[in-house]
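Dear colleague,

Please find below the structure that I am handing over to you, together with its sequence. My notes on what was found in it follow directly after.

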Amino acid sequence: MQYQTTIAAIATPPGRGGVGVIRLSGPKASLIAEHLTAKTLPAARMAGFRQFYDAEGLVMDEGLVLYFPNPNSFTGEDVVELQGHGGPVIQNALLERLFELGAKAAKAGEFSMRAFENGKLDLVQAEAIADLIDATSQAAARSAVRSLQGAFSLRINQVLEKLIHLRLHVEAAIDFPEEEIDFLADGKILALLDDVRDSVQQVQTSARQGQLLREGLQVVIAGKPNAGKSSLLNALAGNERAIVTDIAGTTRDVLHERISLNGLPITLTDTAGLRETGDIVEKEGIRRAIKEIEQADLLLLVYDLSEGADPLALAQEYFAEHLEPRRLILIGNKCDLMTGHPELAQYQNFRHVTVSAKMDMGVQALIDAITAHAGFQPEEDTFIARTRHLDAMKRTQLHLHEAREQLVVFHAGELVAESLRLAQNALSEITGEFSADDLLGKIFGSFCIGK
Ligand SMILES: Nc1nc2c(ncn2[C@@H]2O[C@H](COP(=O)(O)OP(=O)(O)O)[C@@H](O)[C@H]2O)c(=O)[nH]1
Ligand SMILES: [Mg+2]
């Protein structure tokens with residue numbers, strides 16, 4: 001696709017810094033840069049030192065100019081990078097000057113969008129750039145780089161190849177109607193189909209890890225006052241983030257802490273203790289706690305082992321409808337006060353961990369339980385993934401399932417072929433080979449400007 005406009009944006013983050021980079025991309029990039037610098041451009045991919053002039057011919061700034069002629073640039077178009085000084089006033093003035101010279105302000109994600117449309121990147125790689133920039137842990141950053149370098153796209157393309165191969169077989173069967181039934185029944189097509197389903201399943205499993213890495217986990221700590229919730233937050237975070245006292249009702253507002261457990265990014269939330277109270281501030285705190293509990297991916301229900309009360313009774317009272325073993329770990333705290341092993345049998349359905357938040361006992365075992373509960377098992381080659389990708393794979397599987405049914409139950413060749421076509425479309429959405437325009441707008445619109 002050929003764009004007529006030349007876009008410009010500040011590529012470095014806002015604020016002050018030694019260097020500020022402005023990026024120009026499009027057919028007039030070189031012309032505009034030559035006007036700005038009143039000089040010819042340096043040779044391709046070589047740094048040249050230049051003055052940047054305003055409309056009156058006064059020097060606004062000076063710095064390096066880099067020229068990347070198409071198609072060997074990030075966007076695949078002519079790109080010029082202006083490396084001036086990094087102050088908001090000078091950077092904005094330079095940008096205004098580029099607009100005077102004919103550049104248009106780049107929209108969010110427009111550089112990446114052009115790179116995608118010129119075949120420089122597929123959709124997964126474009127998204128990986130955004131994820132790399134936004135990565136909140138080393139592991140997330142590493143897996144974003146892997147996606148950027150094509151690890152995820154390769155897996156998808158390998159499955160697509162198998163799927164296309166299968167479609168060819170089915171189409172061939174349909175083309176020879178007198179042999180169609182035999183063709184469909186001889187088991188070869190079924191074997192190919194099941195192989196495709198297995199392959200999608202394997203990519204789904206890896207992608208789920210990548211999605212966890214990208215999106216992290218919302219973990220909420222709840223329980224009675226003085227159970228040790230704030231102490232647990234501090235023990236998990238490895239610092240004294242929350243105030244701990246022996247006064248019940250100390251934590252009244254919701255407290256969020258971003259941490260990483262075994263490499264999994266986690267937003268840990270401490271909440272007000274659940275109890276009957278007349279205190280209006282504490283009441284509001286409890287209302288907020290319930291709201292957090294409802295939205296949590298995982299709930300750590302903390303109780304004081306030395307009290308001997310059933311923690312689930314409290315849960316029943318305050319959030320019975322959110323009480324699922326899948327979303328909850330029971331934490332028996334203050335095990336340092338106990339002699340021997342407390343009896344835990346009555347809560348068998350729920351995962352159960354005993355700790356001493358204060359003495360830092362059992363905390364690593366709890367961390368392992370949390371990441372295991374989330375199903376997080378990062379492999380060496382985890383790639384970053386998004387809900388969008390998992391959703392597309394789910395739809396792919398659905399169509400493959402339909403295809404299998406049409407094949408095995410109805411021997412309906414045409415319908416098998418149609419389901420496989422839909423499966424291929426769904427899978428191709430991931431890399432963007434097949435995609436609706438509104439999907440592209442949505443994805444690139446969420447990027448920041450200058451990317
Ligand atoms: N012995 C003992 N005391 C604890 C433990 N965890 C917390 N505490 C104490 O219990 C009291 C309440 O702790 P806090 O974390 O503020 O509880 P919260 O109200 O649930 O947030 C404080 O005096 C803590 O020192 C523990 O594991 N063992
Ligand atoms: Mg507290």
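I begin with Arg45, which is found in the loop between helix H1 (29-37) and strand S3 (48-53). Please bear in mind throughout that this is a predicted model. The phi angle of Arg45 is near 60 degrees, a positive value in a residue other than glycine. Arg45 is partly exposed, since its relative accessible area is 48%, and the partly exposed class runs from 20% to 50%.

A second residue with a backbone of this kind is Asn226, whose phi is near 70 degrees, again positive in a residue other than glycine. Asn226 is placed in the loop between strand S7 (217-223) and helix H9. With a relative accessible area of 34%, Asn226 is also partly exposed.

The backbone holds a further feature in another loop. Asn70 and Pro71 are joined by a cis peptide bond, with omega at about 0 degrees. Pro71 is found in the loop between strand S4 (59-68) and strand S5 (79-86).

I turn now to the ligand. Ligand 1 sits in the largest pocket, and 18 residues surround it. The closest are Asn226, Gly228, Lys229, Ser231 and Asp336; Asn226 is thus the residue with positive phi described above. By class, the shell around ligand 1 divides into 5 nonpolar, 7 polar and 6 charged residues. Helix H9 (residues 229-237) supplies the largest share of that shell, with 3 residues.

Three contacts to oxygen atoms of the ligand deserve a note:

- Lys229 places a backbone N or O atom 2.7 Å from an oxygen atom of ligand 1.
- Ser356 has a polar side-chain atom 3.0 Å from an oxygen atom of ligand 1.
- Thr245 has a backbone N or O atom 3.3 Å from an oxygen atom of ligand 1.

Taken alone, ligand 1 exposes 580 Å², and the protein buries 89% of that area.

Which elements flank the loop that holds Asn226? They are strand S7 and helix H9, and helix H9 is also the element that gives the shell around ligand 1 its largest share. When you view the site, I would suggest starting from Asn226, one of the closest residues to ligand 1, and then following helix H9 from residue 229 to residue 237.

With kind regards

Key: Residues numbered from 1 in each chain as written. Chains lettered and ligands numbered in written order. Predicted model: local features only at pLDDT ≥ 70, side-chain atom pairs only at ≥ 80, totals over all residues. Heavy atoms only, no water. Near = heavy atom within 4 Å. Polar contact = N/O pair within 3.5 Å; in protein donor to acceptor, adjacent residues only side chain to side chain. Areas by Shrake-Rupley, 256 points an atom, 1.4 Å probe, with all protein chains shown as cover. 1 Å grid on protein atoms, 1.4 Å probe; cavity = no way out; pocket = protein on both sides within 12 Å on 5 of 7 lines; lining within 4 Å. Sits in = over half its atoms within 2 Å of the grid points. Helix = DSSP H or I, 4+ residues; strand = E, 2+ residues; numbered from the N terminus. Nonpolar A, V, L, I, M, F, W, Y, C, P; charged D, E, K, R; others polar. Buried < 20%, exposed > 50% of the residue type's maximum accessible area, 1.4 Å probe, protein only.
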